[in-house]
Amino acid sequence: MTDRVHRFLLRGAPVRGEIVTLDEAWREVVARHQLPAVVRDRLGELSAAALLLAATLKFDGAMIVQIHGDGPVALFVVECLTDGSYRATVKLRESAAPIPDDASLASLVNADGAGRFVVTLDPRSESPSRQPWQGIVPFDGDSVAELLERYMLQSEQLPTRLWLAADSRRAVGLLLQRLPDEGGKPAATADSRPGHEIDVDGWNRMQRLAETISRNELLTLPPEQILQRLFWQESLHAFDDQGLRFACNCSREKVVGMLRMLGREEIDSILAEREAVEVRCDFCNELWRFDPVDCALIFATAGDLAPGSATRH
Ligand SMILES: [Zn+2]
């Protein structure tokens, strides 16, 4: 089972790293969508990047990463929960011409310069003081990795480097991040006790080593071997891995709630034209189907709960 994120620190230097590999969890996403390869691979890279970002945060809830596009791709979206589950989808513009295999990310989402990158943190806490937080920046960069690197520098002031790759079978990402200095000195790390030398070159050295990784190595080697291949001379402090999995939290109850919001009149007008109301989940592609009897039950229940509804029967 390689669907997991592995976190580590470079001993004696303010540098942290993470490697995420998605095999089965990514193939779940791939199997549920019909996407041009170039779009699928960018979604895989964004999935890996979002899970890397989520693992750097001490946060309980959902993190949603989106690229709003003005080109053939209207939206990339990845949602990661603290429990290690994630889901991802893409919305293509219907009128768009066929997408060439070598389409750049900018041509997909920033054709007219109106692309945006959005990160939302939605705390899953009962406390009303914990409001969702959203960061929005204009699209900037030639790759998903560059987009995320610029976002992290701009919004978090954290120098961050990412190496991402995805194909039909795997999505993988490596992150290196320079931790903030404390009062002009590098932040404390696992081994920066008094008397220990601070490894001032650690950040540059780790980046140079990581730059030697190839796309093919990322897509084929187990995560331990990737780290071994890159950092075998370095002293890394490893943390426990977190398992990751695909999960969609859509449900019949949620769709029922949505149909109630639409209202009886709207539902009746759909039923006048077709046999049933059908709602497909964008994330997992599940089809929720409600025939006229199901629909009548939805509104009967809602009616029973409404004030004064007792007179209707
Ligand atoms: Zn779903």
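This briefing covers an open sheet, a strand hairpin and a buried cysteine. The model is predicted. Six strands make up the open sheet, with mixed pairing, and helix α2 lies across four strands, β3, β4, β5 and β6. Elsewhere in the chain, strand β8 is largely enclosed by the rest of the structure, because six of its seven residues are buried.

**Open sheet and helix α2**
- The strand order in the sheet is β7-β6-β3-β4-β5-β14.
- The edges are taken by β7 (133–138) and β14 (245–246); each has a single partner strand, so one side of each is left without a neighbour in the sheet.
- Strands β4 (residues 73–81) and β5 (residues 85–92) run antiparallel and are joined by seven bridges.
- Within this pair, valine 78 has alanine 88 of β5 as its bridge partner.
- Helix α2 spans residues 37–56 and runs at about 35° to β4.

**Hairpin β8–β9**
- Strand β8 covers residues 160–166, and β9 covers residues 171–178.
- The two strands pair in the antiparallel sense over seven bridges.
- A hairpin of four residues connects β8 to β9.
- Leucine 164 is bridged to glycine 173 in β9.

**Cysteine 284**
- Cysteine 284 sits in the loop between β15 (277–280) and β16 (287–290).
- Its relative accessible area is 7%, which is under the 20% cut-off, so cysteine 284 counts as buried.
- Leaving aside neighbours within four places in sequence, cysteine 284 is in contact with Arg32, Phe246, Cys248 and Cys250.
- Histidine 33 is 251 residues away along the chain, and its C-alpha atom is separated from that of cysteine 284 by 8.2 Å.

Technical notes: Residues are numbered from 1 along each chain as its sequence is written. This is a predicted model: local features need pLDDT of at least 70, side-chain atom pairs count only at pLDDT 80 or more; totals for chains, interfaces and linings use all residues. Side-chain values use heavy atoms; hydrogens and water are left out. Buried means under 20% relative accessible area, exposed over 50%, partly exposed in between (1.4 Å probe, protein chains only). Two strands pair if DSSP finds at least two bridges between them. Contact means heavy atoms within 4.5 Å. Axes are lines fitted to C-alpha atoms, for helices over the stretch in contact, and angles run from 0 to 180 degrees between N-to-C directions.
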